[in-house]
Amino acid sequence: MNREPFSSVTSAAVPMPRNDIDTDQIIPARFLKTVNRAGLGDQLFFDWRYLPDGSPNPEFVINRPDMAGRAILVAGDNFGCGSSREHAPWALTAWGIRAVISSSFADIFRSNALKNGLLPVAVPPEELLRIASIIEAEPDAELTVDLEASELRLPDGSVISFTIDAFARRMILDGTDELGYLLAREPALDAYERAHPPRVSTLA
Amino acid sequence: MSDHIPDSARPRTIVDKIWDEHLVAPGTDGAPDILAVDLHLVHEVTSPQAFDGLRDRGLRVRRPGQTLATVDHSIPTTDRSLPIADEIAAKQVSRLEQNCAEFGIPLHGIGSPHQGIVHVIGPELGLTQPGMTIVCGDSHTATHGAFGALAFGIGTTEVEHVLATQTLLQRRPKTFEVRVDGALHPGVTAKDIILSLLSRIGVGGGTGHVFEYGGSAIRGLGMEGRMTICNMSIEGGARAGLVAPDDTTFDYVAGKPHAPHGADWEAALERWRALPSDEDAVHDRTISFDAGELTPMVTYGTNPGMGFPITDRIPDPATMADANQRTSLEHALAYMALTPGEPILGKAIDVVFVGSCTNSRISDLREAARMLRGRRVADGVRMMVVPGSTEVKRQAEAEGLSTVFIEAGAEWREAGCSMCIAMNGDQLSPGQYSVSTSNRNFEGRQGKGGRTFLASPLTAVASAVTGRLSDPRTLL
């Protein structure tokens, strides 16, 4: 679906310095029974977020009052591993996150995130550690993720370049989407199908 | 990513060959390629929003005849004649039924003899064939790679793209060769091969790559063992994993309901025989190990890479040099309530789950029944056996396997994803330990607070009989 064009976000960080945060933690499976896309922000990190009695876990970072409204998540390595559930970026963006910074992203999560205008910003491992120390020392300092310039600007004035898939980047900057791009290429789809009969028919 | 060099000019991997054959249009000006999809499998959880998207744009499904739906994730594994008690799940299932009816997509729903876990029914029906591109809104779509197909999971937005165009925008992946040679010892299975690979490379080891599995140990496996391995490619970060097709593959596909026959079969064989990677094709990475060195594996932690031989002792975070890895292991051991240095053998367990798209096919159930025959599930242990499809259920009953499970004190259920993902009420209570033939041991995966030990069907059954995590070789 077409979105608002997006070029940069400036925000203090939500720190989650854990490696291998998997999509079952981002959004537990029992919340995937929804037929809708919206409203998953309340269920983000649900099983870390709430205690067994249902009350918010005061020790979990996103429950802290100072975290409300923040748009940049700084995680450990291999963010978003596990399932293909697109509900993971849906929950993150519904809560308000616009960019996740990590040293690597799982392939399917990265692709899903880009489709939803959630920026997966990968930086070298030593830079991720440096960012983590900066935000630990200054928890309210602001970072800027600038997609137009492909730069991450840190509170100490330093700048880290990052790479986002060029095509996805253009889609996010322009607020357009891939389905429109594919549908515009219908002649190529038609030509391919004429030259390649289907291998199977599920209707047979 | 490689340039589009003419086919004759360079040695190609099987992934290259499938990619080249399915290229609708190569990407220009930095855009991804447009890749044709031969088969799109659909289930109830990741599709509703995609169908809504089609409706919003006034689009139809382009190729209903290359699309197949079933229900597996959120359905109960109990009596199917009853309405689904969970209202939200019931709504999701009925939404799929409505969407399939509206858009003309064949559906093997509740009550269909072909209903089952989506990655079990595709091969069973002969829809999964060598050389195909196969996608589904589920990361274990990698399973179909066992047939020499390029099969991978997609998100709901991509599901919408495939429904609308029967294509996807994709970039050619890198390849990671996994060679496993030698012979498995008794009690050691395909599941142990993949758990061993994951323990070596970790859950991010294959990111950006597609695995190509080869070597004499892989060749020596039947199709269902190959499916077990390919299924868990995603747990190593690889979106897909393939085994080049051979006579084992062709024999399995032959005669299946949607397999080609007659002259079409001969033509298919000729195409399929050309698929294996060229001898001098280059992979971006490679790993090899000896199957003869493997022993039964089990996971001890909270991701599928945290596994080891079942005879090992729990690792000690203090010995890890990397601070983040040390913290990860500390968290995992705290969640699992395991102590560094203690043996994992002998841990008391509460639940044994034989099922999931990893290990729920007829050969898995035969192995489980063979070990369980004449024995009983230990007091205090709940064992659930969930066949991967209604057809597998039917066959297991015809072979008397279900009688073995029931007489031993296990529950024999209807087909579905069940306790692998615990969306349907089949789940652990907080603190319970399971030995599970499924594919993920993330925190809360099988139920909030549940603690999962991933293992083979043999290890699961051995543990059910003793009530403790057990080495299956002691019960052979």
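# Questions on a predicted two-chain model

User: At what relative accessibility does Phe45(A) count as buried?
Analyst: The model is a predicted one, and Phe45(A) is placed in the loop between helix 1 (23–26) and helix 2 (46–49) of chain A. Since buried means under 20% relative accessible area, Phe45(A) counts as buried because its relative accessibility is 1%.

User: Near what value is the phi of Phe45(A), a residue other than glycine?
Analyst: Most residues other than glycine have a negative phi. Phe45(A), although not a glycine, takes a positive value, and its phi is near 50°.

User: Which residue in the loop between strand 2 and helix 3 (87–95) of chain A has a positive phi near 60°?
Analyst: The residue in question is other than glycine, and its phi is near 60°. Its relative accessibility is 2%, so it counts as buried. The residue found in that loop, between strand 2 and helix 3 of chain A, is Asn78(A).

User: How far apart are the end C-alpha atoms of helix 5 of chain A?
Analyst: Helix 5 of chain A covers residues 125–137, which makes 13 residues. At 1.5 Å a residue, these should span 18 Å. The distance found between the end C-alpha atoms agrees with that expectation, and it is 19 Å.

User: What arc around the axis do the buried residues of helix 5 of chain A cover?
Analyst: The buried residues of this helix are Leu128(A), Ile131(A), Ile134(A) and Ile135(A). They lie on the same side of helix 5 of chain A, because the arc that they cover around the axis is only 120°.

User: Which residues are exposed on the other side of helix 5 of chain A?
Analyst: The buried residues of helix 5 of chain A have a cover that includes strand 1 (8–16), strand 2 (72–75), strand 3 (99–102), strand 5 (142–146), strand 6 (151–153) and strand 7 (159–161) of chain A. On the other side of the helix, the exposed residues are Pro125(A), Glu126(A), Leu129(A), Glu136(A) and Ala137(A).

User: What is the relative accessible area of Pro124(A)?
Analyst: Pro124(A) is placed in the loop between strand 4 (119–122) and helix 5 of chain A, and its C-alpha atom is separated by 19 Å from that of Phe109(A), 15 residues apart along the chain. Partly exposed stands between under 20% for buried and over 50% for exposed. Pro124(A) is therefore partly exposed, with a relative accessible area of 36%.

User: Which residues of chain B does Lys33(A) touch?
Analyst: Lys33(A) lies in the loop between helix 1 and helix 2 of chain A, and at 11% relative accessibility it counts as buried. Within chain A, Lys33(A) and Val159(A) are 126 residues apart in sequence and 42 Å apart in space, C-alpha to C-alpha. Across to chain B, Lys33(A) touches Ser74(B), Asp86(B), Ile88(B), Ala89(B), Gln92(B) and Met423(B).

User: What share of the residues of chain A count as buried?
Analyst: The secondary structure of chain A comes to eight helices and seven strands, and its C-alpha atoms fill a box of roughly 60 × 45 × 30 Å along the principal axes. Of the contacts in chain A with a separation of 6 or more, residues 24 or more positions apart account for 65%. Among the 204 residues of chain A, the buried share is 56%.

User: How far apart are the mean positions of the positive and negative charges of chain A?
Analyst: The accessible surface of chain A comes to about 8,200 Å², of which 52% belongs to carbon and sulfur atoms. Chain A has 19 positive and 29 negative charges, and the distance between their mean positions is 5 Å.

User: Which residues does Thr13(B) touch, not counting residues up to four places away in sequence?
Analyst: Thr13(B) lies in the segment before helix 1 (14–21) of chain B, and it counts as buried at 2% relative accessibility. Apart from residues up to four places away in sequence, Thr13(B) touches Thr175(B), Ser277(B), Ala281(B), Val282(B) and His283(B).

User: Which residue takes a positive phi just after helix 12 of chain B?
Analyst: Helix 12 of chain B runs over residues 362–372, and its buried residues include Ile362(B), Leu365(B) and Leu372(B). Just after this helix, a positive phi of about 80° is taken by Gly374(B).

Technical notes:
Residues numbered from 1 in each chain as written. Chains lettered and ligands numbered in written order. Predicted model: local features only at pLDDT ≥ 70, side-chain atom pairs only at ≥ 80, totals over all residues. Heavy atoms only, no water. Helix = DSSP H or I, 4+ residues; strand = E, 2+ residues; numbered from the N terminus. Expected span 1.5 Å × (residues − 1). Buried < 20%, exposed > 50% of the residue type's maximum accessible area, 1.4 Å probe, protein only. Arc of directions from axis to C-beta. Contact = heavy atoms within 4.5 Å. Areas by Shrake-Rupley, 256 points an atom, 1.4 Å probe, with all protein chains shown as cover. Lys, Arg positive; Asp, Glu negative; His and termini not counted. Charge placed at Lys NZ, Arg CZ, Asp CG, Glu CD.
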